[in-house]
Amino acid sequence: MNLQDFWNEAVSQLKSELDEGEFSFVFSTLEFVSSSGSKITLSVPSAFFRKQLEGKYLVLLEEKLLELTGQKIEFAFSLRKTETPKPLEPEKRIDHADVPKNSKSQPRKAHTQLNPDYTLEKYVVGKNNDLAYSCAVAISKDPGNSYNPFFLYGGVGLGKTHLIQALGNAIHKNDEKAVIAYVPAENFVNEFLSALQNKTTSAFKNKYRNVDVLLIDDIHDFQNKKETQEELFNTFNALYESKKQIVFTSDRPPQELKAFAERLLSRLTRGMVADLQMPSWETRLVILRTKMEANGMKLSDDILELIAKNISTNIRDLEAALKKIWAYGDLLKREITLEVVQEQLKSVFAGPAQQNIAIDMVQRVVAENHNLSVQDLKGKKRTQAITLPRQIAMYLIRELTEYSTTEVGMEFGGRDHTTVMHAVQKIEDKIRTEPIFEIKIQNLVRTVRDRARS
Ligand code: ADP
Ligand code: MG
């Protein structure tokens, strides 16, 4: 075997050993260039990326190659020329040729309730949203007949409003005569309540039961609104029977909608249900680049990578970070460097507020991750299989919450605070010396933060 074969073998072994996100972070942009003697030259897209690599992944690569070849392999890096960077594709691109185009290609008048910027063409597609996106495309071609109703859910800022409006815009573009109503659930509720008060409910019914497409955004706002739910139920039945398209968005899955009439819930979900997740960092990079270009901004790849890596809350936050940085350069006429970005986005990069992270939630996450029960973590057993997860849980709680070591000890079967301190020390050491362990901890932190938000 030559060194390139060993390299390929190392990559394929690491693929099964590393977490998927980390693997693609390292290897989607790293390219084998050449080898000579015991040296491998790899190319990287940017200095920033190379620094990231040298920080922790290099050890991993060296160890792997030592294991495979029996000798110490050295690595050299070359920067890829900017005109031929390997594009950072989102996991899957869906051909936008699929999106129905206005056959006469005349500009049509924008729909008054829909934001013309929210189009399917501007929606960046990745593994996180491809199902939802494909449904939207299918519906836009044949509203009422493919996925009806369509229930789209996902956390704040993940693109629900953009997608539901893009769907409306696409239908409008194809068929200007189609009557499309887009309404945030809150407005629907308020309109209905004032119709009740003013005794104009028949006008209200007329309005919403005579549309071809009804798009209701944020239906979690119907929780506890009994009368409006009743009205929605009747509207739904009228539209559904005459094969009119209905689309809902919600910030949570249907089963988590509280205080919803059972029969309404069962109708909302009888068609297609799809969710939106946070995009992977490569897709985040594509989104940043798209938004940057759309706004005529210019920022270096290093900067975009830094933002994409550090903001993993939602797309709205990504956009806000981009705007903030741009405004800084634009207003102050200063050069935007990596350091400026670090400084300006310090508070955003620090992560979301953590006050709602509960001890028992962290314990559950760690227990699930290790196929243990929370009782195991709190209990007395001191086998290796339990001790390490227990220490991980203690460490995460200390890192992510304000609980004192004494309080944490209490939550682990009344252990002493020195036990907690020892656990934290142990995990910190392990993180410093074992890159794979560090990745594992980072993943757990992400899971805990995601749970705290949901
Ligand atoms: P939600 O309604 O889920 O809270 P929005 O639809 O308002 O989220 O999205 C927040 C911002 O992020 C919007 O400016 C939107 O254009 C942008 N955005 C969300 N998802 C995408 C995507 N897949 N591609 C491009 N921009 C997106
Ligand atoms: Mg929204």
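Which residue follows H15, and what is the sign of its phi? The residue after H15 is Asn371, and its phi is positive, near 55 degrees. Most residues other than glycine have a negative phi. The model shown here is predicted, and what follows leads through it step by step, returning later to helix H15 and to other unusual backbone angles.

The overall picture comes first. The protein has 20 helices and 8 strands. Of its 454 residues, 46% are buried. If one takes the contacts with a separation of 6 or more, residues 24 or more positions apart account for 73% of them. The protein exposes about 23,000 Å², and 49% of that area is supplied by carbon and sulfur atoms.

Helix H15 covers residues 359–369. Its buried residues are Ile359, Met361, Val362, Gln363, Val365, Val366 and Ala367. The cover over these buried residues includes helix H16 (374–378), helix H17 (384–400) and helix H20 (435–453).

The next stop is ligand 1. It is surrounded by 17 residues, and the closest are Gly157, Lys160, Thr161, His162 and Glu319. Several polar atoms of the protein can be paired with atoms of the ligand. At Gly157, a polar backbone atom is 2.7 Å from an oxygen atom of ligand 1. At Thr161, an N or O atom in the side chain is 2.8 Å from an oxygen atom of ligand 1. At Lys291, an N or O atom in the side chain is 2.9 Å from a nitrogen atom of ligand 1. On its own, ligand 1 has 560 Å² of accessible area, and the protein covers 93% of it. The space that ligand 1 takes is the second largest pocket. Two or more residues of the shell around ligand 1 come from each of helix H5 (160–174) and helix H12 (315–332).

Single residues show how parts of the chain meet. Arg284 is found in helix H10, which spans residues 281–294. Is Arg284 buried or exposed? Its relative accessible area is 7%, and buried means under 20%, so Arg284 counts as buried. Not counting residues up to four places away in sequence, Arg284 touches Met278, Pro279, Ala308, Lys309, Ile311, Ser312 and Leu318. One of these partners can be described in finer detail: the side chain of Arg284 reaches the backbone oxygen of Ala308 at 2.8 Å. Arg284 and Asn314 are 30 residues apart in sequence, and their C-alpha atoms are 9.4 Å apart in space.

Lys430 lies in helix H19, residues 417–433. With a relative accessible area of 19%, Lys430 is under the 20% cut-off and therefore counts as buried. Leaving aside neighbours within four places in sequence, Lys430 is in contact with Leu388 and Phe437.

His220 belongs to a loop, the one between strand S6 (213–217) and helix H8 (226–241). A place in a loop can still be a buried one: the relative accessible area of His220 is 12%, so this residue is buried. Beyond the residues up to four places away in sequence, His220 touches Ser250, Asp251, Arg252 and Leu257. His220 and Arg252 are 32 residues apart along the chain, with 7.5 Å between their C-alpha atoms.

The loop between S6 and H8 also holds Asp218. Phi of Asp218 is near 65 degrees, a positive value in a residue other than glycine. What exposure class does Asp218 fall into at 23% relative accessibility? Asp218 counts as partly exposed, because 23% lies between the 20% limit for buried and the 50% limit for exposed.

Lys243 has a positive phi as well, near 55 degrees. Its place is the loop between H8 and strand S7 (245–250). Lys243 has a relative accessible area of 56%, which is over 50%, so it is exposed.

The last backbone feature concerns a peptide bond. Most peptide bonds are trans. The bond from Asn148 to Pro149, however, is cis, with omega near -10 degrees. Pro149 is in the loop between helix H4 (130–141) and strand S4 (150–154).

Technical notes: Residues are numbered from 1 along each chain as its sequence is written. Chains are lettered from A and ligands numbered from 1 in the order in which they are written. This is a predicted model: local features need pLDDT of at least 70, side-chain atom pairs count only at pLDDT 80 or more; totals for chains, interfaces and linings use all residues. Side-chain values use heavy atoms; hydrogens and water are left out. Helices (H or I, at least four residues) and strands (E, at least two) are DSSP runs, numbered from the N terminus. Buried means under 20% relative accessible area, exposed over 50%, partly exposed in between (1.4 Å probe, protein chains only). Contact means heavy atoms within 4.5 Å. A residue is near a molecule or strand if one of its heavy atoms lies within 4 Å of it. A polar contact is a pair of N or O atoms within 3.5 Å; within protein, one must be able to donate a hydrogen and the other to accept it, and residues adjacent in sequence count only if both atoms are side-chain atoms. Accessible areas come from the Shrake-Rupley method with a 1.4 Å probe; for residues, only the protein chains shown count as cover. On a 1 Å grid over the protein atoms alone, a cavity is a set of points where a 1.4 Å probe fits but cannot get out, and a pocket is an open set with protein on both sides within 12 Å along at least five of seven lines; lining residues have an atom within 4 Å of a point. A molecule sits in a cavity or pocket if more than half of its atoms lie within 2 Å of its grid points.
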